[in-house]
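Biologist: Please take a close look at the aromatic pairs in this model and at the helix that takes part in one of them. I should be grateful for a single connected account that also places this part within the chain as a whole.

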Amino acid sequence: MTDQAGAPADGSGPPSAPAEPRIHRGLKDVYFDRSGVSSIDGRAGELRYRGYSIHDLAERASFEEVCALLLYGELPNRTQLAALDAELKAARQIPDEVRALIATIRHAHPMEVLRTAVSALGAGRADPTDVSTPALLREGLRLTAQVPTIIAFHHRLRSGLAPVEPSTELAHGANFLYMLHGTAPGAEAARIMDVDLVLHAEHGSNASSFAARVVAGTGAGPYAALTAAIGALSGPAHGGAAEDVMKMVREIGDPANAAAWVKAKRAKREPIMGFGHRVYRAEDPRARHLRDRAERLSRERGQPQWFAVLQAVVAAMQPYARLGVNVNVDFYAGVIYHLLGIPQDCFVPIFAMGRVPGWVTQVREQAENNILIRPLTLYDGPPARGWVPIEARG
């Protein structure tokens, strides 16, 4: 019989050496906290926001309703929704100082501009470090409203076009397309944009949300946290798949080329963009809501070849589905963005545009029950050694 330290209970004999800690690289399968925001069942391919199925939300809810659900915890009634919608519309304008800053860096990548502009928005607030619940809700709605304006303002500026001021009438997604193109979108395009934002609004402790919570854990405010989140999302391992899918589709060119293209990629052990997910072993539940819309939009815009290439890639990848390699939400998003006339380097910023309410809600959750997030690394460098004067170093 031994005690908890591994030594015999009677005290005789040397204690056993402590077991080496187990390393969870990338914090895979590690639960660092509890959350009431979203739940994911990777094996079943299920996603819920505060208990509501993503399928119901994608087909029945507006982005504004989902924004209220994430930030306030419940779906709004008509009066509450009207108040939130009015607040979002009233907050769409960005300060002149931020406009001037964007102008000075207009040739940078849109994600770099977005990260810098969000940080600058915080610099103009009276107390950007206020993490009280009222402040986070107020600033969360403001950020949700202004991120689309930043993206559209920058794109028009770098394209030599006059900025389009935000509408006070159009819904969130429709207003973004209006500011980007200068004309109000049709009902179908507006609805597709709305669905896309709903699907991207929240997704648990992904890299960008975790980055936001790490920053919030230090007591920093929402602008610092979202600046970090945008920085994390800009990395190709997290947010770049939609942009890469469109590159893949262009490279394949014709559905007849898809099987050979996939075979060559797999032979070199290279990833197929838009397939696989860190969490899902079944198909990403968000993908189905973009698949049908991508097909319909392809036909309406007279460019059916793009969707045909996607489906040919799906067929070529079918043998890998049993291994848990399925399409994810980004697979169809890239073609949809292309058909909506959105520049390729703006695909990831749109991901950020939809995710703002989720990020803010994660920050709020962290702030309400805060603890500094401070994991450990297991040292495996040189053993302890003495100081060597510079004259004696080789």
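Modeller: The model is a predicted one, and its protein chain is made up of 16 helices and three strands. Along the principal axes, the C-alpha atoms occupy a box of roughly 80 × 60 × 55 Å. Of the 394 residues in the chain, 46% are buried. Among contacts with a separation of 6 or more, 76% join residues 24 or more positions apart. The accessible surface amounts to about 19500 Å², and carbon and sulfur atoms contribute 53% of that area. The chain carries 43 positive and 42 negative charges, whose mean positions lie 4 Å apart.

Within this frame, the aromatic pairs number five. One of them joins Phe32 and Phe210 in an edge-to-face arrangement, with 5.1 Å from centre to centre and 75° between the planes. The two partners come from distant parts of the chain, being 178 residues apart: Phe32 belongs to the segment before strand E1 (38-41), and Phe210 belongs to helix H9 (residues 207-217). Phe32 has a relative accessible area of 33%, so this ring residue counts as partly exposed. Phe210, by contrast, is listed among the buried residues of H9.

Helix H9 itself deserves attention as the setting of Phe210. Eight of the 11 residues of H9 are buried, and the helix is mostly covered. Besides Phe210, the buried set consists of Ser208, Ser209, Ala211, Ala212, Arg213, Ala216 and Gly217. These buried residues of H9 pack against two other helices, H10 (222-233) and H16 (347-368). Just after H9 comes Gly219, which adopts a positive phi of about 95°.

The segment that supplies Phe32 has a backbone feature of its own. Leu27 is also in the segment before E1, and its phi is positive, near 55°, although Leu27 is a residue other than glycine. Most residues other than glycine have a negative phi, which is why such a value is worth noting. With a relative accessible area of 38%, Leu27 is partly exposed. A second case is Arg50, again not a glycine, with a positive phi of about 45°. Arg50 is placed in the loop between strand E2 (46-49) and strand E3 (52-53), and its relative accessibility of 26% makes it partly exposed.

To return to the rings, Phe331 and Tyr332 make another edge-to-face pair, with centres 4.9 Å apart and planes at 85°. Phe331 has a relative accessible area of 0% and is therefore buried. Tyr332, at 1%, is buried as well. This pair is part of one aromatic cluster, formed by Phe275, Phe307, Phe331 and Tyr332.

The surroundings of the cluster can be followed through Phe307, which is one of the residues touched by Ser298. Ser298 is situated in helix H13 (residues 287-300) and is buried, since its relative accessibility is 1%. Residues up to four places away in sequence aside, the contacts of Ser298 are Phe307, Gln303, Pro304, Val335 and Leu339.

Helix H14 spans residues 304-316 and includes Ala316. Setting aside neighbours within four places in sequence, Ala316 is in contact with Ala258, Ala259 and Val262. As a measure of span, the C-alpha atoms of Ala316 and Pro148 are 36 Å apart in space, with their positions 168 residues apart in sequence.

An aromatic ring also takes part in a contact with a charge: the charged end of Arg266 is positioned over the ring of Tyr320, at 4.5 Å from the ring centre.

A final site involves a further tyrosine. Glu74 lies in the loop between helix H2 (63-72) and helix H3 (78-90), and at 54% relative accessibility it is exposed. Tyr52 is one of its contacts beyond four places in sequence, together with Ala68 and Leu69. Glu74 and Tyr52 are 22 residues apart along the chain, and their C-alpha atoms are 9.9 Å apart.

In summary, the Phe32 and Phe210 pair links a segment before E1 to H9, while Phe331 and Tyr332 belong to an aromatic cluster with Phe275 and Phe307.

Terms used. Residues are numbered from 1 along each chain as its sequence is written. This is a predicted model: local features need pLDDT of at least 70, side-chain atom pairs count only at pLDDT 80 or more; totals for chains, interfaces and linings use all residues. Side-chain values use heavy atoms; hydrogens and water are left out. Helices (H or I, at least four residues) and strands (E, at least two) are DSSP runs, numbered from the N terminus. Buried means under 20% relative accessible area, exposed over 50%, partly exposed in between (1.4 Å probe, protein chains only). Contact means heavy atoms within 4.5 Å. Accessible areas come from the Shrake-Rupley method with a 1.4 Å probe; for residues, only the protein chains shown count as cover. Lys and Arg count as positive and Asp and Glu as negative; His and the chain ends are not counted. The place of a charge is taken as NZ of Lys, CZ of Arg, CG of Asp or CD of Glu. Rings of Phe, Tyr and Trp (its six-membered ring) pair if their centres lie within 6.5 Å; planes under 30 degrees apart count as stacked, over 60 as edge-to-face and the rest as tilted. A charge sits over a ring if NZ of Lys or CZ of Arg is within 6 Å of the ring centre and within 35 degrees of the ring normal.
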